Amino acid sequence: MQVKYLEDMQTLVGLCKQRGFVFPSSEIYGGLSSCWDYGPLGSQMKMNVKRAWWKAMTKRQDIVGIDAAILMHPTVWKASGHVDGFSDPLVDCKNCKQRFRSDNTDSYLEHRKCPFCGSKDLTEPRQFNLMFKTHMGPSEDSASIVYLRPETAQGIFVNFSQCQASARKKIPFGIAQIGKSFRNEITPGNFIFRTREFEQMEMQYFVKPGTDADWFKQWKAIRWDFYLNLGIKEQNLRFLPHEALAHYAKAAEDVQYRFPIGWQELEGIHNRSDFDLSQHMKFSGKSLEYFDEAHKEKFIPWVIETAVGCDRLFLALLCEAYREEITVDEKGNKDIRTVLGFHPEIAPVKAAVFPLLKKPELIEPALRLREELAETWEIHYDEAQSIGKRYRRQDEIGTPYCVTFDFDSINDQAVTVRHRDTMKQERVALSALHGYLQKGLKNF
Ligand code: ATP
């Protein structure tokens, strides 16, 4: 058997659309550039991605969660530096009228050429602020301007003291948040890799100054293990230290994943120093200092941040999971089995239940079984076409187990459980099925 892994994004875009993971947004109106909707399987899978991250963070005694508003006081973005500095260099091509970001466009960086038409008739780069603006309330004057948040981190900083006091946390401790962010990206693209509306999973860990370098190292190791535990292979991950640091950063490294488009950022791990809390103190006039009871001293905590895009991790997990198993029989007939080999925690469906044939005496108990199992897991039911085709449909969406109720099941009260990866089949007593699946999904 030959195994082929994902080589191009287009294959994935097609599978995602066909099987209901991700659809182009507003497609009946021709779509909206770089906007995507998560379908029946995608929305479930995205929930699983978020749950895995949230659990990994908040199961720790030293991390609490928060869910801050997308719209924040406009001064937040003055204090954070986003109003003045959150911009990318934009270049216009005078020939084809296309616009592009000049700091990450190869043809521009290497030859100062337009990536669309090759013309050299270009404007000088000018800074373009990436924040989406809107107006709050009925008047549309400059006093009513608010921004859609370009990152979730600021919602954590402005709530630092309230979280610390209400949860009675001592430093070091962290605050985790999952939520939508918006950036008016100049060149979005590559499916859900870079979009203008996306979801972030960020955690800010507040530490005593002087311990920050050690915590930075610790968080790098913790985040690395998180990805390995979700089934990402070590050879597809690497750290890349930033060459140029942002104005607030004391250290920054990206966790990169080897996407079909090459090595790209998956997560940023940053030592943000006390920049954000100090800025908010300055702009709000409120103290965000921490009082260390044990040493009777006050200080502004430093922050180690881990920030990953939920959509981008979703994409990495799809890329990692995709494989084609190609077999050729003695007669030369080629067969391709497409499998999404998800870690069970991520798989949108954990098991599918089938009646062997479309007969009432099999359908009825199979439906009952589906209902029972659906109390615990996401379960599919399928009675259409041959059992082989039904297995293949589940392989293609990454379902770890298929459970078939056949004629023998009526008498022996047992079912056939088929494994996605090995395709091995086992007979399991109905009374033992729940425990069997529970153990199997845990120790996959
Ligand atoms: P870039 O330099 O590529 O624009 P960034 O370094 O500014 O991105 P961060 O602000 O560190 O990104 O955001 C943290 C994470 O959020 C990124 O690692 C990425 O996973 C995700 N992310 C950022 N921008 C986008 C986007 N436009 N679409 C999807 N995910 C994004």
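This report walks through a predicted model of one protein chain and its ligand.

## The chain as a whole

Let's start with the big picture. The chain has 444 residues, and 49% of them count as buried. Its secondary structure adds up to 14 helices and 24 strands. If you draw a box around the C-alpha atoms along the principal axes, the box comes to roughly 75 × 65 × 50 Å.

The surface can be described with numbers too. About 21,800 Å² of the chain is exposed, and carbon and sulfur atoms supply 50% of that area. You can also ask how contacts relate to the order of the sequence. Take the contacts between residues at least 6 apart in sequence: 64% of these join residues at least 24 apart.

## Around the ligand

Now find the ligand in the structure. The ligand sits in the largest pocket, with 17 residues around it. The closest of these are E185, R194, T195, E265 and L266. Strand 11, strand 14 and strand 17 each give at least two residues to this shell. The largest share belongs to strand 14, which contributes five residues.

Several side chains come within a few ångströms of particular ligand atoms, and three of them are worth locating on your screen. E185 has a polar side-chain atom 2.7 Å from a nitrogen atom of the ligand. In R183, an N or O atom of the side chain is 2.9 Å from a ligand oxygen atom. For Q200, the distance from an N or O atom of the side chain to an oxygen atom of the ligand is 3.3 Å. On its own, the ligand has 600 Å² of accessible area, and the protein covers 84% of it.

## Q177, a buried glutamine

Strand 10, residues 173-182, contains Q177. Is this residue buried or exposed? Q177 counts as buried because its relative accessibility is 0%, and the cut-off for buried is under 20%.

Look next at what the side chain of Q177 reaches. One partner is the backbone nitrogen of A68, at 2.7 Å. Another is the backbone oxygen of T152, at 3.0 Å. Leaving out residues up to four places away in sequence, Q177 touches a list of residues that includes W53, W54, I66, R149, G155 and M201. Q200, whose side chain has an atom 3.3 Å from a ligand oxygen, is also among the residues that Q177 touches.

## R101 and its partners

R101 belongs to strand 6, which covers residues 99-101. With a relative accessibility of 13%, R101 counts as buried.

Which side chains make polar contacts with the side chain of R101? D88 is one partner, at 3.2 Å, and D103 is another, at 2.8 Å. Apart from neighbours within four places in sequence, R101 is in contact with D88, P89, E185, I186, T187 and R194. Two of those names, E185 and R194, also appear among the closest residues to the ligand.

## Helix 9 and what it packs against

Helix 9 runs through residues 275-284, and its buried residues are F275, D276, L277, Q279, H280 and M281. What do these buried residues pack against? Their partners are helix 3, helix 6, helix 7, strand 11 and strand 14. Strand 11 and strand 14 also supply residues to the shell around the ligand. After helix 9 comes G285, with a positive phi near 75°.

## Backbone details in the loops

Finally, let's visit a few spots in the backbone. The peptide bond between I171 and P172 is cis, with omega about 10°. P172 is in the loop between helix 7 and strand 10.

Two residues that are not glycine have a positive phi. S34 has a phi near 60° and is found in the loop between strand 2 and strand 3. Q413 has a phi of about 50°, and its loop runs between helix 13 and strand 23. Their surroundings can be described as well: S34 is buried, with a relative accessible area of 16%, while Q413 is partly exposed, at 42%.

Technical notes: Residues numbered from 1 in each chain as written. Predicted model: local features only at pLDDT ≥ 70, side-chain atom pairs only at ≥ 80, totals over all residues. Heavy atoms only, no water. Buried < 20%, exposed > 50% of the residue type's maximum accessible area, 1.4 Å probe, protein only. Helix = DSSP H or I, 4+ residues; strand = E, 2+ residues; numbered from the N terminus. Contact = heavy atoms within 4.5 Å. Polar contact = N/O pair within 3.5 Å; in protein donor to acceptor, adjacent residues only side chain to side chain. Near = heavy atom within 4 Å. Areas by Shrake-Rupley, 256 points an atom, 1.4 Å probe, with all protein chains shown as cover. 1 Å grid on protein atoms, 1.4 Å probe; cavity = no way out; pocket = protein on both sides within 12 Å on 5 of 7 lines; lining within 4 Å. Sits in = over half its atoms within 2 Å of the grid points.
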